[in-house]
Amino acid sequence: MSGPSLQLPTAAAFFDLDKTIIAGSSALAFSRPFRRQGLISRRAALRSGYAQLLLMLSGADADMMDLLRRRITALCTGWEVAQIHAIVAETLHEVVEPLVYAEATALIAAHQAAGEEVVVLSASGLEVVEPIAALVGADRCLATRMAVRAGRYTGDIDFYCYGEHKAQAAREIAAERGYRLADCRAYSDSITDLPLLEAVGHPTAVNPDRALRREAEQRGWPILTFADPVALRSRFRTPPAAMLAAAGLGAVALAGAGWCGHRFRQRRQRG
């Protein structure tokens, strides 16, 4: 008797990373280990922290994202690529695990259980995004790629995974894999990802900034609030039944994201 046939993914679920899968900025989360290794000064670290604070308070509008992009590319010009890979690998669990939203990992698991490919699309650097995407169980990722010469960053950008470029990446993945964009989903917190959300048939705003919340409400898009960052290793120690329950919660989010978002907002207002 032949074994069960492997079912190919039928659609994709595109996830932004910062404030959607993790709480905060993935690019700035590694400021502390980079500083410990002497890559950035105390002053630069404080400026990065200030930039992240502005990002959290004001939302990632185009001007803020451009500021962060220019600041980060200026910081890393001349850094050795191999050293960055090593630092990220060594500190990934320390830095990222406390930031990962439990709701996001449950939703990722639910999409995969439904036979959908999970793709992380992020404006942060690939060196940071790729290991985080693997950590949360995504199937693939696309992210900003810095130009490299002789093993060091030049300060230029080969591909900026942002705005319309992110939407185009999603369209190319769908074309390559044979997905109908009308069947695909996208999740983001930022108005800068409006092109991505508009490109798919099932857009959802997660922890939206004010501009995206307004847009989602006007268009009737579901709105979710993720607010439970939990260390991944503690969840891996959870009994299988509880993990299946978490995946079930993710499936509920797939079926009724708008209802869940409404209940989350009511809970926050009562709190």
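Visitor: Which residue forms a salt bridge with E117?
Guide: Happy to start there, keeping in mind that this is a predicted model. The closest N and O atoms of the pair are 3.2 Å apart. E117 sits in strand 2 (residues 116-125) and its partner in helix 8 (residues 164-177), 60 residues apart. That partner is R177.

Visitor: Is E117 buried or exposed?
Guide: The cut-off for buried is under 20% relative accessible area. E117 has a relative accessible area of 6%, whereas R177, at 36%, is partly exposed. Because its 6% falls under that cut-off, E117 is buried.

Visitor: Which residues are linked with E117 in a network of salt bridges?
Guide: The structure holds ten salt bridges. In general, side chains of opposite charge can pair when their charged atoms come close. The network that includes E117 links it with R140, E176 and R177.

Visitor: Where does D193 lie, and which residue is its salt-bridge partner?
Guide: D193 is in the loop between strand 5 (185-188) and helix 9 (194-199), while its partner lies in helix 8, so the pair ties together parts that are 27 residues apart in sequence. Both residues of this pair are buried. The closest N and O atoms are 3.1 Å apart, and the partner is K166.

Visitor: What is the N to O distance between E198 and R219?
Guide: E198 lies in helix 9 and R219 in helix 10 (residues 210-219), so their salt bridge ties together parts that are 21 residues apart in sequence. E198 counts as partly exposed at 41% relative accessibility, and R219 also counts as partly exposed, at 38%. The N to O distance is 2.7 Å.

Visitor: Which helix gives the most to the largest nonpolar core?
Guide: In soluble globular proteins, nonpolar side chains tend to be buried together. Here the largest nonpolar core has 39 residues, and F15, I21, F30, F34, V96 and V120 are those with the most contacts inside it. Several elements supply at least two residues each, including strand 1 (11-15), helix 6 (102-113) and strand 3 (140-149). With seven residues, the one that gives the most is helix 5.

Visitor: How many residues does the other core have?
Guide: This core lies apart from the largest one. F159, A170, L196 and W221 are among its members. Its residue count is 23.

Visitor: In what order do the seven strands form the sheet?
Guide: The sheet is open and its pairing is mixed. Its edge strands, each pairing on one side only, are strand 4 (152-159) and strand 7 (223-224). The order is 4-3-2-1-5-6-7.

Visitor: Which residue stands opposite A205 in strand 7?
Guide: Strand 6 (residues 202-206) pairs with strand 7 over two bridges. The two strands pair in the parallel sense. Opposite A205 stands I223.

Visitor: At about what angle does helix 6 run to strand 2?
Guide: Helix 6 lies across strand 1, strand 2, strand 5 and strand 7. Two residues of this helix, L107 and H111, are among the contacts of F15. The angle between helix 6 and strand 2 is about 140 degrees.

Visitor: What percentage of the residues of the chain count as buried?
Guide: The chain has 13 helices and seven strands. Its accessible surface comes to about 13500 Å², with 54% belonging to carbon and sulfur atoms. Of its 271 residues, the share that count as buried is 47%.

How values were computed. Residues numbered from 1 in each chain as written. Predicted model: local features only at pLDDT ≥ 70, side-chain atom pairs only at ≥ 80, totals over all residues. Heavy atoms only, no water. Helix = DSSP H or I, 4+ residues; strand = E, 2+ residues; numbered from the N terminus. Buried < 20%, exposed > 50% of the residue type's maximum accessible area, 1.4 Å probe, protein only. Areas by Shrake-Rupley, 256 points an atom, 1.4 Å probe, with all protein chains shown as cover. Salt bridge = Lys/Arg side-chain N within 4 Å of Asp/Glu carboxyl O. Core = buried A, V, L, I, M, F, W, Y, C linked by side-chain atoms within 4.5 Å. Contact = heavy atoms within 4.5 Å. Pairing = 2+ DSSP bridges. Axes fitted to C-alpha atoms, helices over the stretch in contact; angles between N-to-C directions. Lists of a residue's contacts leave out its neighbours within four places in sequence.
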